[in-house]
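Please look through the structure shown here and follow the explanation below, one part at a time.

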Amino acid sequence: VALAVATTMNAQVYVGGSLGFSSSNDKTEASVNNVTVTEETKTTSFEILPEIGYKLNDNMAVGTVIGLTYSNIDYPTEDNVSRSLKGTYFNFKPYFRYYFAQWDKVSLFADAQIGFVTGKATEERSGNGVTVSSDVKSTEYSFAIVPGIAYQPTEKISIVAKLGKGLGYWHTKDTTPTSDRNGGTYDVDVINNEFGLNLKSLGLTVGVYYNF
């Protein structure tokens with residue numbers, strides 16, 4: 001869950017941002033000959049995402065999110081070798097917001113969002129007193145429609161919540177430099193394309209806006 005606090009500079013321009021933190025544990029159990037082996041992957045992420053926008057009218061706004069995401073993944077230990085992946089990523093996500101339904105203090109909206117995320121992660125493998133590191137460069141392009149709801153308890157305060165990654169398309173490319181037996185280097189690319197409805201991956205983002 002991310003908590004965003006924004007301040008409106010005038011009736012049209014607003015600035016703010018969000019601080020996000022999430023932690024998850026994924027467990028996998030396998031049973032062979034009445035012996036159960038459990039493996040656990042721990043993921044922790046922290047986000048700092050400033051935001052600026054411009055209200056076109058009561059129903060429409062444009063804006064962008066610019067910020068950083070830090071993540072740390074600890075994978076299960078295999079053959080006495082531990083593995084972790086730590087990365088820092090830059091986010092740039094301009095959006096167009098449209099309020100399509102309003103009832104008194106409650107409004108429903110959708111953000112048409114274009115996303116660009118890039119950064120580098122360091123993968124470390126440690127075992128038998130030896131640690132080997134390698135860099136993984138990541139780039140993601142996306143377009144998504146993200147649903148949301150806004151509640152305005154007072155004239156000065158608005159509470160906004162957005163759900164998941166929405167409906168859209170995400171193209172991700174991970175590049176890992178690799179050495180061959182002759183001492184040369186080459187890049188190994190892993191490309192993933194995702195299209196569909198995703199309301200889970202980013203959970204719920206909650207924002208509190210203060211209007212002057």
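Lysine 173 is partly exposed, because its relative accessible area of 33% falls between the limits of 20% for buried and 50% for exposed. In this predicted model, the side chain of lysine 173 meets that of aspartate 189 in a salt bridge, at 3.9 Å from N to O. Lysine 173 belongs to strand E9 and aspartate 189 to strand E10, so the salt bridge ties together parts that are 16 residues apart in sequence. Aspartate 189 is also partly exposed, at 40%.

The count of salt bridges comes to 5. Another of them joins aspartate 111 and arginine 97, with the closest N and O atoms 2.8 Å apart. This pair links strand E6 to strand E5, across 14 residues. Both partners are buried: aspartate 111 has a relative accessible area of 0%, and arginine 97 has 3%.

Arginine 83 and glutamate 123 form a salt bridge as well, with their closest N and O atoms 2.8 Å apart. Arginine 83 is in strand E5 and glutamate 123 in strand E6, so parts 40 residues apart in sequence are tied together. Here arginine 83 is partly exposed at 26%, whereas glutamate 123 is buried at 15%. Together with Arg125, these two residues make up a network of salt bridges.

Next come the nonpolar residues. The largest nonpolar core consists of 6 residues, namely Ile73, Leu85, Tyr89, Val117, Ala121 and Val136. Strands E5 and E6 each supply at least two of them. A second, separate core has 5 residues, including Tyr14 and Leu49.

On the surface, Tyr54, Leu56, Val62, Phe96, Tyr98 and Phe100 make a nonpolar patch of about 520 Å². Strand E5 gives the largest share of this patch, 3 residues, while valine 62 lies in strand E4.

Notes: Residues numbered from 1 in each chain as written. Predicted model: local features only at pLDDT ≥ 70, side-chain atom pairs only at ≥ 80, totals over all residues. Heavy atoms only, no water. Patch = residues over 30% accessible without salt bridge, like charges linked within 9 Å, V, L, I, M, F, W, Y side chains within 5 Å. Areas by Shrake-Rupley, 256 points an atom, 1.4 Å probe, with all protein chains shown as cover. Salt bridge = Lys/Arg side-chain N within 4 Å of Asp/Glu carboxyl O. Helix = DSSP H or I, 4+ residues; strand = E, 2+ residues; numbered from the N terminus. Core = buried A, V, L, I, M, F, W, Y, C linked by side-chain atoms within 4.5 Å. Buried < 20%, exposed > 50% of the residue type's maximum accessible area, 1.4 Å probe, protein only.
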